[in-house]
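Here is a briefing on one structure. Please look over the sequence and the model before reading on.

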Amino acid sequence: MRHVAVDPERLQSLQQGFLDLRFGMFIHLNMATFEEREWGDPTLSPKLFDPKHLDTDQWARAAKSANMGYACLTTKHHDGFCLWPTKTGSANVMQSSFPRDVVRRYVDSFRKAGLKVCLYFSILDLRQDIRARTVTPEKIALIKAQITELLTNYGPLTALILDGWNASWSRISYAELPYRQIYDLVKSLQPDCLLTDHNAGSYPGTALYYTDIKQYEQHAGQKIPPDSPVPSQSGTTLQSDWFWKKAYPTAELASAQTIVEDWLKPFNENHCNLILNVAPNRDGRFDDNAVARLAEIGRLWKNTGPASKIGRSVTITTPDLAAGKPAWASASDEAVGPDQAFDDNFRSYWLADRGKEEAWIEVRFDAPVSFNTLSIVEPLHAEGYGDASRIASYKVEVGDGSGWKELVAGTKPSSYQFHSVPGTTATRVRLTLKGKQPGIAEFGLYEEPL
């Protein structure tokens, strides 16, 4: 498949429209609901799945009562059980004790209630053995087939939310399963569907690496940085965990005051939606205490109108061409060599030689490389570096063996500095810095489809 060009202005409009929704409902219903677990056991029979009194209209009414604007259902969680009648051979609802298309019921109920619809899909799939270092072309084809079913059979989606991919705990990398393959598929099927991936643990900070919307799992301790400039979503739970547990009907829930004053309002002021998980019980309904709490939230908060405007965000969707390539530097401080600025790891960094106020790092290629986007990431807040920028100014130059040509320059960069540049081909790319022993976590080069 050829890359699908995404119009930056259209993407920005879709991101803004998503932020205008402000508040959404996550709905975790799957095999784990019936197992008192957070991940379903992939060895158990699909017959265990039996939400015999499933009431998706009740879910939608409850979401409306909280003045939510959208929702997202877990169509397939990490164990690999599908809530729709997939034709790919994966375990699904038609083999369960409740042979109904749960995805269809969900989208119909929420659209009827005037709510926008998103779907969640796990790349990690334990039933099909799709995990780190086991990915094959056949397994990628299965993932694509399932995503195609979801994006062709259930109407327009506001977003497809991916999980279990390029996370420290799932370890399925973008090298094993290239991000752009999935991105192009989604954009070819539904150009207006935002694709978002739960990868904030791998790509910290305020930058859109391999996602249209930055995903923070508040429940896992991921926090939105102050003054975040990019469209974001933070997910947490009304109950203690994502999937329903036997104690939930009488358990303590997050208070309406906390949800509104500590989460929803501050997040909205920081270009971020709150998506609050409400776990259906084994009957396929929300417990009475959850329904009451959602109505209480709705009495405290209403969507007062469009969110504050975001600017255009550069979105990285292709591999870093400089990652793992040979690197040189003017000098380094002891054991922090220049390779650490090209290792695709934001927790390591190159540090200029002590006492010097001008330094450079450089990546070299065996053959000319073309790129149109570059990133400069200073290791702010990293251990041993500090919270204040050490960079007073910078410039990027390209060389072809006969001399150097300046490509971009600036003063102190933002924490995650991106530059879109005219298409450039070079064998050497050099970043020169001025400041008091500056450092670089990552200096990236990308060829983004135009």
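The notes below cover the nonpolar cores, two backbone outliers and one buried acidic residue.

This is a predicted model, so local features need pLDDT of at least 70, side-chain atom pairs count only at pLDDT 80 or more, and totals for chains, interfaces and linings use all residues. Residues are numbered from 1 along each chain as its sequence is written, and side-chain values use heavy atoms, without hydrogens and water.

**Nonpolar cores**
- The largest nonpolar core (buried Ala, Val, Leu, Ile, Met, Phe, Trp, Tyr and Cys residues joined through side-chain atoms within 4.5 Å) has 114 residues.
- Phe23, Met25, Tyr106, Phe110, Leu160 and Tyr209 touch the most other members.
- Beyond four places in sequence, Phe110 has contacts (heavy atoms within 4.5 Å) that include Met25, Trp59, Leu115 and Val117.
- A second, separate core holds 28 residues, among them Trp350, Val369, Ile391 and Phe443.

**Positive phi**
- Most residues other than glycine have a negative phi.
- Asn166 has a positive phi of about 55°. Asn166 sits in the loop between strand E4 (159-163) and helix H5 (179-189).
- Asp344 has a positive phi of about 60°. Its loop runs between strand E11 (327-329) and strand E12 (350-351).
- Asn166 is buried at 13% relative accessible area, whereas Asp344 is partly exposed at 42%. Buried means under 20%, exposed over 50%, and partly exposed in between (1.4 Å probe, protein chains only).
- Helices (H or I, at least four residues) and strands (E, at least two) are DSSP runs, numbered from the N terminus.

**Glu362**
- Glu362 lies in strand E13 (residues 358-377) and is buried, at 0% relative accessibility.
- Beyond four places in sequence, Glu362 contacts residues including Trp328, Phe342, Trp404 and Arg430.
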